[in-house]
Amino acid sequence: MDEKFCTICGVSLLNATSAYGLTAGVISAEHCGFLIDDDSDWDLYCSACMNSVDRLIAEFKMAKAKG
């Protein structure tokens, strides 16, 4: 397996390391939800960077709700 790295911070993601992945796809009733676009690469995120992304999304949603 090729060495994998976090897309945001660049930390090495070793085998069996907890990580998150984002890729393009489509919503598909035929496939019970989400169908991955096999032509797109995965963006991989370490847990620390994904926690930061989650916080930013939550802050954005709260600010949007306040108007």
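**Close-up 1. Ser28 is a buried residue of strand S4.** In this predicted model, features of local geometry require a pLDDT of at least 70 and pairs of side-chain atoms a pLDDT of 80 or more, whereas totals for chains, interfaces and linings take in all residues. Numbering starts from 1 along each chain as its sequence is written, and side-chain values rest on heavy atoms, with hydrogens and water left out. Ser28 has a relative accessibility of 11% and therefore counts as buried (buried means under 20% relative accessible area, exposed over 50%, and partly exposed in between, with a 1.4 Å probe and protein chains only). Strand S4 covers residues 25-28; helices (H or I, at least four residues) and strands (E, at least two) are DSSP runs numbered from the N terminus. Setting aside residues up to four places away in sequence, Ser28 touches Gly33 and Leu35, where contact means heavy atoms within 4.5 Å.

**Close-up 2. Ile27, Phe34, Ile36 and Trp42 form a nonpolar surface patch.** Together these residues offer about 460 Å² of accessible area; areas are computed by the Shrake-Rupley method with a 1.4 Å probe, and for residues only the protein chains shown count as cover. Patch members have over 30% relative accessible area and no salt bridge; like charges are joined within 9 Å, and nonpolar side chains (Val, Leu, Ile, Met, Phe, Trp, Tyr) within 5 Å. A salt bridge is a side-chain nitrogen of Lys or Arg within 4 Å of a carboxyl oxygen of Asp or Glu. Ile27 sits in strand S4 and is exposed, with a relative accessible area of 75%.

**Close-up 3. Phe34 lies in strand S5 and is partly exposed.** Strand S5 takes in residues 33-36, and the relative accessibility of Phe34 is 44%. With its neighbours within four places in sequence left aside, Phe34 is in contact with Thr23, Ala24, Gly25, Val26 and Ile27. The C-alpha atoms of Phe34 and Ala63 are 29 Å apart, and these two residues are 29 positions apart in sequence.

**Close-up 4. Ala16 has a positive phi.** The angle is about 75°, although Ala16 is not a glycine. Most residues other than glycine have a negative phi. Ala16 is placed in the loop that runs between strand S2 (12-13) and strand S3 (19-22). Its relative accessible area of 79% makes Ala16 exposed.

**Close-up 5. Phe5 in strand S1 and Glu3 in the segment before it.** Phe5 counts as partly exposed, at 42% relative accessibility. Not counting residues up to four places away in sequence, Phe5 touches Gly10, Val11, Ser12, Leu13 and Leu44. Cys46 is 41 residues from Phe5 in sequence, and the two C-alpha atoms are 8.2 Å apart. Glu3 precedes strand S1 (4-5) and is exposed, with 52% relative accessible area. A C-alpha separation of 8.7 Å is found for Glu3 and Asn15, which are twelve residues apart along the chain.

**Close-up 6. Cysteines without disulfides.** A search of the whole structure returns zero disulfides, a disulfide being a pair of cysteine sulfur atoms within 2.5 Å. Cys49 is in no disulfide, and the nearest cysteine sulfur, that of Cys46, is 3.7 Å away. At 11% relative accessibility, Cys49 is buried. Cys32, in contrast, is exposed, with a relative accessible area of 79%.

**Close-up 7. Met62 in helix H1, with the chain as context.** Helix H1 covers residues 47-66. Met62 is exposed at 52% relative accessible area. Met62 and Ser40 are 22 residues apart along the chain, with 31 Å between their C-alpha atoms. The chain has one helix and six strands, in the order β-β-β-β-β-β-α along the sequence. Its radius of gyration is 15 Å, against near 11 Å for a compact globule of 67 residues (taken over C-alpha atoms; the globule rule is 2.2 Å times the number of residues to the power 0.38). The C-alpha atoms fill a box of roughly 45 × 35 × 20 Å along the principal axes. Of the 67 residues, 12% are buried. The chain exposes about 5,500 Å², of which carbon and sulfur atoms supply 57%. Among contacts between residues at least 6 apart in sequence, 39% join residues at least 24 apart.
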